[in-house]
Amino acid sequence: MEETFDIVRCRLFDPIHDPAAQDTVCRAFAKIYGDEGNKLPSETQEGRYFDRLIRAYPIHPEIFDRIYEDWITLDGFSQLRGILKFMAKVIARLWKENNRDLMVQPGSLPLYDGCSRNDLTCYLPPGWEVVIERDIDGDRAETTDLENRDQHFGQISAARRVARTIFFGSAPASVATKTNIRSLDRAHVLLGCLQPGQTSSIYIEVLAQLVERLHYLNHSSNQDAIRFWFDSRSNLRREMENRKHRIDDQTKRNKIAEVFGRMVGNMALFDGIHLFVSPAEVPDDSALRLVVLPPQPEYSREDPHPAFELLQEYLRSQGSQPRYRANRLIFMAADQNVRTLMSDAARSALAWDSLVDDEKEGRLDLDPSQKKQAEKELQTIQEAFPRIIRECYRWLLCPEQETPTAPLPTITVFSLNTTAGTMSSEIERTCIENELVLTSWSPIHLRTRLKELYWTPKQPAARAITFWEDTLRYLYLPRLRNRDVLTQTIHSGAASRDFFGTAYGQSGGEFEGFHLGSGTVQLDKTLLLIEPKAARAYEKAYHPITEAVLPVQNSLAFNPSPLSTTTSFHGTAEVSTVMFAQLADQIVAALAANPQATVRVTVEISTIPPANDRNKKEK
């Protein structure tokens, strides 16, 4: 190969009249290669590479290496004649343009020039003209646009130099078999671009941007030795980007909702979970519901109002109808800082999925490495997507109202822990620990609420079912998990004389089925909860047998024993029909305390009309 250096130089250049200048330039290249160290190919660190620079000057040895290792393998590319023909056009164009490169490198090749470009593309399959014009070199190329936007790159034509170098080192691969793809590692890309007085960092920076931006530039995913190449087919990442931008908002939302639904599908605390639906689609009933607000408007502590305003719409109405049971709704909102990332991840997942699906169905022709890349990218985004959703939907919004007279409800915001447990378990934990939803409730709290809002001196009894229905509606009342929670609370409170009495109706001044501190309670439409002082007063006024019988029950006179000489008992009392069964059981049990005695019970029963009926007769 070194002999070719001399032939090309003799044919295309005048004899070197200033060997000192030649030596200075080559030493400058050798020095920068030494300064950059392992960022460049290992052969550049050897002393003999300086000799190659001297011998090839003013053409860089990398030009010859790429021709002899890559281009010469193509049918029709003549070894010496092809090199001379191509380099003659390149040098003529660079001379005409007054190019100031110290040596002609792969990054110097004027691929914008039709004559120079045609001497390479004539050996390549159809389609490469488009690749060069769109991605690599020319007024309409992406590289030119990038340099125009960033003066930092434009001053040294960094984007075009990188793209030219990769093209020159990888384009012949399009003629090779799909399993024999030639490419350049980053070290050889830098070798084809870097000039004395520059640093490799600017080319590394522009290379990273080109990978994300260019349509036909590909790169391997092996982080230990990333390689780059151009192909006449649009690269997978760019194809994915194109597909991603064609995905509409509704498809994106459906994808987020699908993954979100799997993450919270096993949550037992809520009767319904509603993802990105309108207020009209959320039922207005007694079920406890979690409403996941759409990604927009998102929530931020700095500006919560957009999310709060949307939340208020759900509380106010169910479509065209007013909402009556607003206290059955809890909300989740997207974080403003993460929403864009979540939306982009959703589109990426859909795009990669469509690529893999098209390849399987034969609608897209991918080589083995591209197929592997698409499958790996799809797996990566599918694994990351749920984590991104969870990081985004980290705000739990709970509407509350401090008092019945408060003009507007307040929205209390809770931040979910995005790393602890599962998303569903974290939502449930936050709701229960902060008492946003009560799964159990103490009767003392029920008594307090009844005393504050329901019991009055004139009406000391309240319907239990009315309280339940009010908890569904009013934000100042507790949000119970379901009706069973209230049932258990009433059962617990009814067993004590401290919280409330119970009855199943009220007629005039009398309570039907009255109990205080005992009895089996059933929560139905008739159940009354009676203020405890009023219940004790009623018990004393209307049920004196309760105080007369129970103390006597503990005396010797009322509990015969072998020592007792009392053999008969007489008493008269007016009791309600409900208390009659209880009184009979107590008397019989007391009389039967001596198992050796024979008991004779005589009962005289007469019915006394209620007071209101007696008053009517008297009138």
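The exercises below work through a predicted model of a protein chain, each with a solution in steps.

Residues are numbered from 1 along each chain as its sequence is written, and side-chain values use heavy atoms, with hydrogens and water left out. Because the model is predicted, local features need pLDDT of at least 70 and side-chain atom pairs count only at pLDDT 80 or more, while totals for chains, interfaces and linings use all residues.

**Exercise 1. The chain as a whole**

Find how many helices and strands the protein chain has, and what share of its residues count as buried.

Solution. Helices (H or I, at least four residues) and strands (E, at least two) are DSSP runs, numbered from the N terminus. On this basis the protein chain comes to 25 helices and 15 strands. Buried means under 20% relative accessible area, exposed over 50%, and partly exposed in between (1.4 Å probe, protein chains only); of the 619 residues, 47% count as buried.

**Exercise 2. A sheet of three strands**

Work out the strand order of the open sheet that holds β1, β2 and β3, and state which strands stand at its edges.

Solution. Two strands pair if DSSP finds at least two bridges between them. The order is β1-β3-β2, with antiparallel pairing. β1 (184–185) and β2 (217–219) are the edge strands, and because each has a single partner strand, one side of each is left without a neighbour in the sheet. Two bridges join β1 to β3 (residues 227–230), and leucine 184 stands opposite phenylalanine 228 in β3. Helix α10 (residues 158–170) packs on this sheet, touching β1, β2 and β3, and its direction makes about 80° with that of β3. Here contact means heavy atoms within 4.5 Å, and axes are lines fitted to C-alpha atoms, for helices over the stretch in contact, with angles running from 0 to 180 degrees between N-to-C directions.

**Exercise 3. The faces of helix α3**

Decide which residues of α3 (residues 47–56) are buried and which are exposed, and explain how the buried ones are arranged around the axis.

Solution. The buried residues are Tyr49, Phe50, Arg52, Leu53 and Ala56. Seen down the axis of α3, they fall within an arc of 160°, so they line one face of the helix; the arc is that of the directions from the helix axis to the C-beta atoms. On the other side of α3, Gly47 and Arg48 are exposed.

**Exercise 4. Two nonpolar cores**

Name residues that touch the most other members of the largest nonpolar core, and then residues of a second core.

Solution. A nonpolar core is a set of buried Ala, Val, Leu, Ile, Met, Phe, Trp, Tyr and Cys residues joined through side-chain atoms within 4.5 Å. The largest has 65 residues, of which Trp71, Met87, Val162, Phe167 and Phe230 touch the most other members. Not counting residues up to four places away in sequence, valine 162 touches Val189, Cys193, Tyr203, Val206, Leu207 and Leu210. A second, separate core of 48 residues includes Ile247, Val338, Leu416 and Leu436.

**Exercise 5. The cysteines**

Determine how many disulfides the structure holds, and why cysteine 398 is not bonded to cysteine 431.

Solution. A disulfide is a pair of cysteine sulfur atoms within 2.5 Å, and the structure holds zero of them. The sulfur of cysteine 398 is 7.4 Å from the closest cysteine sulfur, in cysteine 431, which is too far for a bond. Cysteine 398 is buried, with a relative accessible area of 0%, whereas cysteine 10 is exposed, at 64%.
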